[in-house]
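Thanks for coming. I will take a few minutes to go through one structure, and you can follow along on the screen.

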Amino acid sequence: WFAEGIAEELLLALSKVEPLSVVARTSSFAFKDTDKTVAEIADILNVQAVLEGSVRRSGKLVRVTAQLIDADSGYHIWSGSYEHEQTDIFALQDQLARSVVHALRIQLGMSDSGVLVAEQTRQPEAYNALIRGRTLLNFGSPQNVNQSISFFEKAVAADPGYALAWGYLAWARSSAVLFKASSEVSQPTTEAYQRALELDPDQGEALAAKAWMAQLMYWDWQTAYELYRQAMESRENTTAMIAYGMYFLGAIDKLNDAISVLKLAEKRDPLNPAYKA
């Protein structure tokens, strides 16, 4: 889960760079613990290159090695190794992301990038709890959702100023409405998304949770629409896209629009099962 957390932050950082097109988390991580080759993975995901690597921790130090591999030739486009203290994990991720972008800059005609991974917390225990909760949340069972909530609660307890953790806590709590009474879910969800948006007005998961609550609890469709759109613009947020397509556009019988949004989600995250329904 620690390696997945680093990989996801790199994925999000690279997705901000034009003209890179980066496959989202669920599909990218679908090949963990498989024996598929880089060429096979690239063919399934329809990508030109695959970034792979390893993470090692020793005491307070984290070492990341990575290589960017051309799918057609199998040759390394770039490789690198980086080491930082755990308290400086975002600097490590930013350095690694910028190195990948620099390797592709001449080929793609891109300009040098500035900071790609902003520091979110300096508390290792908060970061560790966040990525453990985020890994669990993607599986969607009541037990896993409840476990993810407990990890996100640990993250915000360790760092009350961690906007991303508050956002994921809001989204996880809002997801619990699928198996809990809405009256039980509403207040804790609202508290979490309000705190996240106080810290970061563009926090995507918090915006999606607020949209879902506006739609579900108050039938305020206009506010929900505006919040979903803002959430989708905040970053590569396939979670918000799927919720918007399935639960909002589907609910108001705009099926063609829903299909268009979900097809875009499929393009970004082709192996995510959520939109298949």
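The largest pocket has a volume of about 1,400 Å³. Keep in mind that this is a predicted model. What lines the largest pocket? There are 43 lining residues. Those nearest the centre of the pocket are Ser28, Ala49, Val50, Leu51 and Glu52. Five elements give two or more residues to the lining: H1, helix H3 (38-45), S1, S2 and helix H4 (89-108). By residue class, the lining of this pocket divides into 28 nonpolar, nine polar and six charged residues.

Next, the chain as a whole. Twelve helices and three strands make up its list of elements. The chain has 277 residues, and buried residues make up 47% of them. If we take the contacts in the chain with a separation of 6 or more, 53% of them are between residues 24 or more positions apart.

Now the strands. How are the three strands ordered in the sheet? The order is S1-S2-S3, the sheet is open, and the pairing is antiparallel. Strand S1 (49-58) and strand S3 (76-85) are at the edges and have a single partner strand each, so one side of each is left without a neighbour in the sheet. On average, neighbouring strands here are turned by 10° against each other, with direction ignored.

Helix H1, residues 2-15, packs on this sheet and touches S1 and S2. The direction of H1 makes about 140° with that of S1.

Let me go through the two strand pairs. S1 and S2 run antiparallel and are joined by ten bridges. In this pair, Ala49 stands opposite Asp70 in S2. Ala49 is also one of the residues nearest the centre of the largest pocket. The hairpin of S1 and S2 has two residues between the strands, and Gly59 in this hairpin takes a positive phi near 65°.

The other pair is S2, residues 61-70, with S3, also antiparallel, over nine bridges. Here Ala66 stands opposite Gly80 in S3.

One residue of S3 to look at is Ile77. Is Ile77 buried or exposed? Neither term fits: Ile77 has 28% relative accessibility, and therefore counts as partly exposed. The C-alpha atoms of Ile77 and Val50 are separated by 9.8 Å, while the two residues are 27 apart along the chain. Val50 came up earlier, among the residues nearest the centre of the pocket.

The last residue is Arg134, which is in helix H5, residues 124-137. Why does Arg134 count as buried? Its relative accessibility is 2%, and buried means under 20%. Which residues does Arg134 touch, not counting those up to four places away in sequence? They are Gly5, Glu8, Glu9, Phe152, Leu164 and Tyr168. Gly5, Glu8 and Glu9 fall within residues 2-15, the range of H1, so there we are back at the helix that packs on the sheet. Arg134 and Ala165 are 31 residues apart in sequence, and their C-alpha atoms are 9.2 Å apart in space.

That is the tour; I can go back to any part of it on the screen.

Definitions and conventions. Residues numbered from 1 in each chain as written. Predicted model: local features only at pLDDT ≥ 70, side-chain atom pairs only at ≥ 80, totals over all residues. Heavy atoms only, no water. Pairing = 2+ DSSP bridges. Helix = DSSP H or I, 4+ residues; strand = E, 2+ residues; numbered from the N terminus. Axes fitted to C-alpha atoms, helices over the stretch in contact; angles between N-to-C directions. Contact = heavy atoms within 4.5 Å. 1 Å grid on protein atoms, 1.4 Å probe; cavity = no way out; pocket = protein on both sides within 12 Å on 5 of 7 lines; lining within 4 Å. Points joined across faces, edges and corners; volume = space filled by probe spheres on them. Nonpolar A, V, L, I, M, F, W, Y, C, P; charged D, E, K, R; others polar. Buried < 20%, exposed > 50% of the residue type's maximum accessible area, 1.4 Å probe, protein only.
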